[in-house]
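Hi,

Here is the structure I said I would pass on. Have a look at it first, and then read my notes underneath.

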Amino acid sequence: MKTYEPFQIKDLALKNRIVMPPMCMYSATDAIPTDFHLLHYGARALGGAGLIIVEATGILPEGRISDNCLGLWKDEQIPAFARLVDQVHRFGAKIGIQLNHAGRKCVASVEKIYAPSAIIFSPDESYRNPAEMSLDDIASVTHAFAAAAGRALEAGFDVVEIHGAHGYLINQFLSPVSNQREDTYGIDLEGRSRFLQEVVRVVRTRWPTEKPLFLRVSAHDYVPGGMTVDQMIQIIETIKAEVDLIHVSSGGVTPVMPHSFPGYQIPFAEIIRKACMIPTIAVGLITTLEMIEETIGNNRADLVALGRELLRNPFFPLLEAKKHGVSLPWPKPYERAF
Ligand SMILES: Cc1cc2nc3c(=O)[nH]c(=O)nc-3n(C[C@H](O)[C@H](O)[C@H](O)COP(=O)(O)O)c2cc1C
């Protein structure tokens, strides 16, 4: 089956097409991975996922979504991540990390939050008014993305994924809903893409060319005047020389929830793959091997991510292979299960 065929991207060889997408566990202590993270990600490696992408990790304290999120803004944080990388490698999967800045969606207890424009995310009382970023703020956040990528390399990660989706800082710059700047970082699509382009360029100076760099995007804002997949295609065209794969999600710039149904984001992954001629990951309410096989087999995406399904069932990749007559090695101590 196509799902269990290997996939090579730059120096990364995946044993199958099943990805665990980043999912915040809000279980970090002092922003570093704990025993919980070793078990949580280790279990999905043991269960047969080809690639695990660690949850949104703040590149600065105020870049975290919450006080319980992971962070990689100082060198002292590297060893705990290196342990996690070793654990996942030992149990047979490759591992990436999603680097994020939350911008106006930060609810961590930090002094000040900031965003492209001083527009609050939601009237819900957990959100605060962000300050509009100065050019110095922009430069220092860009630098922090690069420094975090350097630390991810030192920790041994196979992939860096830049979080450009779900209404976090990069997405806030891209969308006209949250970016109403009148300088070179706003006004039109070219201006609104500038921050992303600079982040990608500086991350590449610290993340070797032979290693894959992923970008997660929201292909649709689901609000009038918001971004659509056509605009996202134009943006991807400007960075695709330096990015190796697009992880295609949607929504998050406003509190409006997408109307979701099985496979609802697969068409976006397919459109971007074809229009930009770049590998993609499809994600979103994909819960069966048939759906994965249909997506990969019909060249709609190169990889498929299973979020909540892998939370429910870490052994999905191995169990489904067994059910469908694909012979894969199980962890030796578990062989007597059959
Ligand atoms: C508990 C939870 C936490 C999440 N955290 C993140 C995150 O850190 N970064 C991200 O890009 N998406 C995050 N997501 C979105 C997932 O990566 C995925 O795109 C979404 O759950 C849809 O896929 P699914 O239907 O297979 O679960 C999260 C989803 C869940 C359920």
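Below is what I found in it, going from the overall fold to single residues.

One thing to keep in mind throughout: this is a predicted model.

**Overall picture**

The protein chain has 10 helices and 13 strands. Its C-alpha trace spans about 65 × 40 × 40 Å along the principal axes. For 338 residues, a compact globule would have a radius of gyration near 20 Å, and the protein chain comes out at 19 Å, so the two agree. Buried residues account for 49% of the 338. If you take contacts between residues at least 6 apart in sequence, 72% of them join residues at least 24 apart.

**The strands in the middle of my notes**

I spent most of my time on β4, β6, β9 and β10, and they can be followed from one to the next. Start with β4 (51-58): 6 bridges join β4 to β6, and the two run parallel. In that pairing, L51 stands opposite K94 of β6.

Strand β6 covers residues 94-100 and pairs with β9 in the parallel sense, over 4 bridges. Two of the residue matches here are G96 with V159 and I97 with V160. From β9 you can step on to β10 (residues 213-218), which runs parallel to β9 and is joined to it by 5 bridges. There, E161 stands opposite F214.

How many residues of β6 are buried? The count is 7 of 7, and this holds for both faces: K94, G96, Q98 and N100 lie on one side, with I95, I97 and L99 on the other. Strand β9 (residues 159-164) has 6 of its 6 residues buried. One face of β9 carries V159, E161 and H163, the other V160, I162 and G164, and both faces are covered. Note that a charged residue such as E161 is among the buried ones.

**The nonpolar core**

In general, nonpolar side chains in soluble globular proteins tend to be buried together. In this model the largest nonpolar core has 93 residues, and the members that touch the most others are V19, I52, V160, I281 and V304. Helix α3 (residues 135-155) gives the most to this core, with 8 residues.

V160 is a handy one to click on, as it sits in β9 and also belongs to that group of well-connected core members. Beyond its neighbours within four places in sequence, V160 is in contact with G96, I97, L99, A149, A152, V203, W207 and L213.

**Around the ligand**

Which residues come nearest to the ligand? Of the 20 around it, they are P21, M23, A56, G307 and R308. Two elements give two or more residues to this shell, namely β4 and α9 (308-312). By type, the shell divides into 10 nonpolar, 6 polar and 4 charged residues.

**Some loop residues**

The loop between β3 (18-20) and α1 (35-46) holds D30, and A31 lies there too. Both have positive phi without being glycine: D30 is near 50 degrees, and A31 is at about 70 degrees. Are they buried or exposed? D30 counts as exposed because it has 11 C-beta neighbours inside 10 Å, whereas A31 has 20 other C-beta atoms within 10 Å and is therefore buried.

Y185 is in the loop between α4 (169-174) and α5 (189-206). With 19 other C-beta atoms within 10 Å, Y185 is partly exposed. Leaving out neighbours within four places in sequence, its contacts are P116, I138, F173, G191, R194 and F195. From Y185 to A102 is 83 residues in sequence and 18 Å in space, C-alpha to C-alpha.

T288 belongs to the loop between β12 (280-283) and α8 (289-297). T288 has 14 C-beta neighbours inside 10 Å, so it counts as partly exposed. T288 and I32 are 256 residues apart in sequence, with 33 Å between their C-alpha atoms.

That's the lot from me.

Cheers

How values were computed:
Residues numbered from 1 in each chain as written. Predicted model: local features only at pLDDT ≥ 70, side-chain atom pairs only at ≥ 80, totals over all residues. Core = buried A, V, L, I, M, F, W, Y, C linked by C-beta atoms within 7 Å. Buried ≥ 20, exposed ≤ 12 C-beta atoms within 10 Å, placed from the backbone. Contact = placed C-beta atoms within 7 Å. Near = placed C-beta within 6 Å. Nonpolar A, V, L, I, M, F, W, Y, C, P; charged D, E, K, R; others polar. Rg over C-alpha atoms; globule rule 2.2 N^0.38 Å. Pairing = 2+ DSSP bridges.
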